[in-house]
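Colleague: I should like to learn how to read the features of a model. May we go through them one at a time?

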Amino acid sequence: MEHMHESHAGHEGHEGHGNHQAHGSHHEHAHGAGGSVSWGMAARATLHCLTGCAIGEVLGMIIGTALGWGNAQTMILAIVLAFFFGYALTLRGVLTAGVDLRTAIRVALAADTLSIAVMELIDNGVIALWPGAMDAHLSEPLFWIVLAIALAAAFVITTPVNKWMIGRGKGHAVVHRYHH
């Protein structure tokens with residue numbers, strides 16, 4: 001759900017806003033603060049986080065394997081990179097809207113931390129508990145099959161979390177305030 005300021009009755013961008021705070025509360029309501037949030041919006045927010053997480057997970061596993069690291073070190077690296085890339089994708093979008101770096105970082109942290117944390121817990125939990133998955137190499141089909149199942153499970157479980165957060169004006173609802 002793209003938000004365009006021109007769609008506000010009589011408003012064009014931020015110019016001419018006599019009461020910006022009133023605009024902010026209307027804007028928050030339009031993005032679900034206390035209102036109804038569609039499953040599609042929640043799924044798009046989750047897919048956004050999942051993209052960054054998947055990039056970080058795979059890159060972390062490739063680096064850890066290439067360096068001959070053990071499972072624990074590789075998993076830690078994969079989690080750190082999942083957070084990094086999850087935040088980076090949000091930062092890119094918010095910075096493109098002209099927001100300063102400090103504000104953009106705060107927005108990314110507010111928008112993605114819980115979503116990425118839940119996603120990583122589920123994703124890594126599936127991988128850790130799946131027999132043989134932790135020892136599967138990147139060249140083995142088991143690695144990629146379990147990773148796909150783990151990411152799918154993370155998506156399914158995290159989508160309701162994002163729906164709940166957006167409905168309360170949190171999570172990706174924070175990012176939508178900066179989309180122009």
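Modeller: Let us begin with a definition: a helix is a DSSP run of H or I with at least four residues, and helices are numbered from the N terminus. The model before us is predicted. In it, S115 is found in helix α4.

Colleague: Is S115 buried or exposed?

Modeller: Buried means under 20% relative accessible area. S115 has a relative accessible area of 0%, so it is buried. Leaving aside residues up to four places away in sequence, S115 touches C49, T158 and N162.

Colleague: What span should the 29 residues of α4 have?

Modeller: The general idea is a rise of 1.5 Å a residue, which gives 42 Å for α4; the end C-alpha atoms are 39 Å apart, in agreement. Helix α4 also has a kink of about 45°, centred on D112. For α2, residues 39-66, the reach from first to last C-alpha is 39 Å, close to the expected 40 Å. After α2 comes G68, with a positive phi near 75°.

Colleague: Which residue caps the N-terminal end of α4?

Modeller: That residue is D100, which has a side-chain oxygen 3.3 Å from the backbone nitrogen of R102.

Colleague: Where is A97 found, and why does it count as partly exposed?

Modeller: A97 is found in the loop between α3 and α4. Partly exposed lies between the cut-offs of 20% and 50%. A97 counts as partly exposed because its relative accessibility is 30%. Separation in sequence may also be set beside distance in space: A97 and R177 are 80 residues apart in sequence, and their C-alpha atoms are 10.0 Å apart.

Terms used: Residues numbered from 1 in each chain as written. Predicted model: local features only at pLDDT ≥ 70, side-chain atom pairs only at ≥ 80, totals over all residues. Heavy atoms only, no water. Helix = DSSP H or I, 4+ residues; strand = E, 2+ residues; numbered from the N terminus. Expected span 1.5 Å × (residues − 1). Buried < 20%, exposed > 50% of the residue type's maximum accessible area, 1.4 Å probe, protein only. Bend = angle between axes of the 7 residues up to and from the residue. Polar contact = N/O pair within 3.5 Å; in protein donor to acceptor, adjacent residues only side chain to side chain. Contact = heavy atoms within 4.5 Å.
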